[in-house]
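Q: Please take me closely through one part of this model: how its strands are put together, and what lies against them. I am in my first year, so go step by step.

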Amino acid sequence: GPYSRHNKFSSKIIIGADGARSFTAKHFNFPAIKNFIYCYEAELTDLNVANKTLVDVFLDNKLFPGFFGWVVPVSNYGARIGFGVKDPSRLLKTRDIFLSKPEINQLIDRGKKVREFFAPIPISQRSVTQKGKVILVGDAAGQVKATTGGGVIFGSMCATKAAESTANHIFDGKVLNYDNVWRAQYGHVLTGHSVLRALMDNVDNRLTDISFGVASALGFNRLFESFGDMDFILKPLTAKV
């Protein structure tokens, strides 16, 4: 049939937008993504969410080395809770400790767990995101903010550059220069996030023990206040980097 694995298809350009463990990247031998955060998340319902526009962020370099914990409201009656760590072997132990924290435990007791899952998030870019007529976009390219793991909006903007580069190549015969274009436009933003990530990882834990401390210490008091802004939160920093 037309969808049989035995059929062969041809294309002028291949765009790999197939996630952090990209098969496209592996098949065409792209350089590996070097840094990942390994995340746990659970979705709760039957809660009475006090403020559905604010995100609670838990910064603790001992409990969540390399990342943070969060409670994200999704409605007046539901929330997502989770955390990320650099070492996947810490996931289960960290989950047990995190869920036992009083501020998290009371949510678990009040709410009903709908689902839970584990997932990797890339926090470094591939050194190459284009090989000839094969390009990578989004998580497959590592186009993710090192501070928050935000990649939906940023990946979408890079996808726009991929579409423009592809159209210019196919319709106008221009050189396919996607890698250069997206890095010139947005690469400094990722650099800014990587710099802040490094600072956050090395701040004394007395400043970050289940607190807002590190964000305040660095002058980003509103760093995680609005979930919708997480992808853009470092925009003011880019001029300084």
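A: In this predicted model, strand β1 is joined to strand β8 (residues 134-136) by three bridges, and the two run parallel. Within this pair, Gly-16 has Leu-136 in β8 as its bridge partner. The two strands belong to an open sheet of three strands, with the order β1-β8-β7 and mixed pairing. At its edges stand β1 (14-16) and β7 (130-131); each has a single partner strand, so one side of each is left without a neighbour in the sheet.

The other sheet to look at is open and has five strands, in the order β3-β4-β5-β2-β6, with antiparallel pairing. Its edges are β3 (56-58) and β6 (112-122), each with a single partner strand, so one side of each has no neighbour in the sheet. Neighbouring strands here are turned against each other by 15° on average, if direction is ignored.

Strand β2 deserves a closer look. In the strand order of this sheet, β2 stands between β5 and β6. Ten residues make up β2, and eight of them are buried, so the strand is largely enclosed by the rest of the structure. On one side, 10 bridges join β2 to β6, and the two run antiparallel. Here Phe-36 stands opposite Pro-122 in β6. On the other side, β2 pairs with β5 over seven bridges, again in the antiparallel sense. Two places show the pairing with β5: Tyr-40 stands opposite Phe-83, and Ala-42 stands opposite Ile-81.

Two helices lie against this sheet. Helix α2 packs on it and touches β2, β3, β4 (69-73), β5 and β6, with its direction at about 135° to that of β5. Helix α3 packs on the sheet as well, touching β2, β3, β4, β5 and β6, and its direction makes about 140° with that of β5.

Which residues of α2 are buried? They are Leu-91, Thr-94, Arg-95, Phe-98 and Leu-99. Seen down the axis of α2, the buried residues fall within an arc of 125°, so they line one face of the helix. The general rule behind such a pattern is that an α-helix has 3.6 residues a turn, so residues three or four places apart point the same way. What the buried residues of α2 pack against is β2, β3, β4, β5, α3 and β6.

Strands and helices also meet in the largest nonpolar core, which has 22 residues. Those with the most contacts inside this core are Val-71, Ile-81, Phe-83, Phe-98 and Ile-104. Four elements give two or more residues to it: β2 (36-45), β5 (79-85), α2 (91-100) and α3 (102-110). Of these, β2 gives the most, with five residues.

Phe-83 shows what such a place looks like from one residue. Leaving out residues up to four places away in sequence, Phe-83 touches Tyr-38, Cys-39, Tyr-40, Phe-64, Phe-68, Gly-69, Trp-70, Leu-91, Thr-94, Arg-95 and Phe-98. Among these contacts, Leu-91, Thr-94, Arg-95 and Phe-98 are buried residues of α2.

The loops on either side of β2 give a contrast. Asn-29 lies in the loop between α1 (23-27) and β2. Asn-29 is exposed, with a relative accessible area of 59%, and its phi is near 55°, a positive value in a residue other than glycine. Asp-46 is in the loop between β2 and β3. The relative accessible area of Asp-46 is 54%, so it counts as exposed. Phi of Asp-46 is near 60°, which is positive although the residue is not glycine.

One last residue leads back towards the three-stranded sheet. His-169 sits in helix α4 (residues 152-172). The relative accessible area of His-169 is 19%, so it counts as buried, since the cut-off for buried is under 20%. Its side chain makes a polar contact with the side chain of Lys-133 (3.3 Å). Not counting residues up to four places away in sequence, His-169 touches Ile-13, Lys-133, Lys-174, Val-175 and Leu-176.

Notes: Residues are numbered from 1 along each chain as its sequence is written. This is a predicted model: local features need pLDDT of at least 70, side-chain atom pairs count only at pLDDT 80 or more; totals for chains, interfaces and linings use all residues. Side-chain values use heavy atoms; hydrogens and water are left out. Buried means under 20% relative accessible area, exposed over 50%, partly exposed in between (1.4 Å probe, protein chains only). A polar contact is a pair of N or O atoms within 3.5 Å; within protein, one must be able to donate a hydrogen and the other to accept it, and residues adjacent in sequence count only if both atoms are side-chain atoms. Contact means heavy atoms within 4.5 Å. A nonpolar core is a set of buried Ala, Val, Leu, Ile, Met, Phe, Trp, Tyr and Cys residues joined through side-chain atoms within 4.5 Å. Two strands pair if DSSP finds at least two bridges between them. Axes are lines fitted to C-alpha atoms, for helices over the stretch in contact, and angles run from 0 to 180 degrees between N-to-C directions. The arc is that of the directions from the helix axis to the C-beta atoms.
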